[in-house]
Amino acid sequence: MKKFLPLILALVMSLALAAPAFAESTPVPPSDAEEEDYGIMPLMDIYSESMVASTSGRWESPKFSATPGNGGNIRFWFSNTTGEAVKVYLFWVDSLGVDRIARSMEVPANSQKSAVYSSSRADSYTYRVVVEAFVSGGDITGSLNVAQYTEI
């Protein structure tokens, strides 16, 4: 019995270490998706919202900041799950608190798209994202990610 208990304990500990081997693998993009339109591979995720939703035709994120030293490329990605195109704006906020458009993109209905804003000072700015249903001013649904990169 004295030798049997340590053997069982060692076996249980070995199996516990093997659990991460069964973790979910990295998702594979659809065969018709272009790499730059399929999500983002961030150095650092700086903002993420899995449930962007509005019935007023406009959705705004709270302000968020990039991290100095983590790169001068800001990629924003939007997955549009509505039946109409939307416009997505990335704003940077200047030292006086004024919003300035860094980059914008139009995302077709029921699709996804990303764009990159590059600047030598991009890692020192505060940002926010605005999504607009510019066709009808109606519903907006989808998900949003913003990440910071050192290289594109």
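# Chat about a predicted one-helix, nine-strand model

Author: Let's start with arginine 128: its relative accessibility is 11%, so this residue counts as buried. Keep in mind that we are looking at a predicted model.

Reader: Good to know! Which side chain does arginine 128 meet in a salt bridge?

Author: That would be glutamate 60, with an N to O distance of 2.9 Å. Arginine 128 belongs to strand S8 and glutamate 60 to strand S2, so the pair ties together parts that are 68 residues apart in sequence.

Reader: And glutamate 60, is that one buried, partly exposed or exposed?

Author: Glutamate 60 is partly exposed, because its relative accessible area is 41%, whereas the cut-off for buried is under 20%.

Reader: Which residue pairs with arginine 58 in a salt bridge?

Author: Glutamate 132 does, and the N to O distance there is 2.5 Å. Arginine 58 sits in strand S2 (residues 58-60) and glutamate 132 in strand S8, so this salt bridge links parts 74 residues apart in sequence.

Reader: How accessible are those two, arginine 58 and glutamate 132?

Author: Arginine 58 has 34% relative accessibility, so it counts as partly exposed. Glutamate 132 is also partly exposed, with a relative accessible area of 23%.

Reader: How many salt bridges are there in total?

Author: The count comes to five. Another of them joins the side chains of arginine 100 and aspartate 94, at 2.9 Å from N to O. Arginine 100 is partly exposed at 40% relative accessibility, while aspartate 94 is buried at 13%.

Reader: Which residues do salt bridges with shared partners join into one network?

Author: Arg58, Glu60, Asp99, Arg128 and Glu132 are joined that way.

Reader: Nice. Let me zoom out for a second. What's the order of the elements along the chain?

Author: Starting at the N terminus, the chain runs α-β-β-β-β-β-β-β-β-β, which comes to one helix and nine strands. The chain has 152 residues, and buried ones make up 39% of them.

Reader: What about contacts, how many of them join residues far along the sequence, say at least 24 apart?

Author: Among contacts between residues at least 6 apart in sequence, 77% join residues at least 24 apart.

Reader: Back to the strands. Which ones pair with S5?

Author: S5 pairs with S6 (residues 99-107) through eight bridges, antiparallel. S5 also pairs with S8 (residues 126-132), again in the antiparallel sense, over seven bridges.

Reader: Any residue pairs I can click on?

Author: Sure! Valine 93 has aspartate 99 in S6 as its bridge partner. On the S8 side, lysine 87 stands opposite glutamate 132, the residue that also meets arginine 58 in a salt bridge.

Reader: What sits between S5 and S6?

Author: The two strands form a hairpin with five residues between them. Glycine 97, in the turn, has a positive phi of about 85°.

Reader: Is S5 largely enclosed or open to the outside, and why?

Author: Seven of the eight residues of S5 (residues 86-93) are buried, so the strand is largely enclosed by the rest of the structure.

Reader: New topic: what's the order of strands in the open sheet?

Author: The open sheet has four strands in the order S1-S9-S4-S7, with antiparallel pairing. Strand S1 (44-54) and strand S7 (111-118) are the edge strands, each pairing on one side only. On average, neighbouring strands of this sheet are turned by 15° against each other, direction ignored.

Reader: How many bridges hold S4 and S9 together?

Author: Eight, in the antiparallel sense, with S9 covering residues 140-149. Within that pairing, phenylalanine 78 has leucine 144 in S9 as its bridge partner.

Reader: I also have my eye on serine 79. Where is it, and what does it touch?

Author: Serine 79 is part of strand S4 (residues 73-80). Leaving out residues up to four places away in sequence, it touches Ser111, Gln112, Thr141, Gly142 and Ser143. Serine 79 is buried, with a relative accessible area of 16%.

Reader: Last one: which residues make up the nonpolar surface patch?

Author: Phe4, Leu7, Ile8 and Val12 make a patch of about 380 Å². Leucine 7 is in helix H1 (residues 4-18) and counts as exposed at 56% relative accessibility. For the whole chain, the accessible surface is about 9,300 Å², and 58% of that belongs to carbon and sulfur atoms.

Methods. Residues numbered from 1 in each chain as written. Predicted model: local features only at pLDDT ≥ 70, side-chain atom pairs only at ≥ 80, totals over all residues. Heavy atoms only, no water. Buried < 20%, exposed > 50% of the residue type's maximum accessible area, 1.4 Å probe, protein only. Contact = heavy atoms within 4.5 Å. Pairing = 2+ DSSP bridges. Patch = residues over 30% accessible without salt bridge, like charges linked within 9 Å, V, L, I, M, F, W, Y side chains within 5 Å. Areas by Shrake-Rupley, 256 points an atom, 1.4 Å probe, with all protein chains shown as cover. Salt bridge = Lys/Arg side-chain N within 4 Å of Asp/Glu carboxyl O. Axes fitted to C-alpha atoms, helices over the stretch in contact; angles between N-to-C directions.
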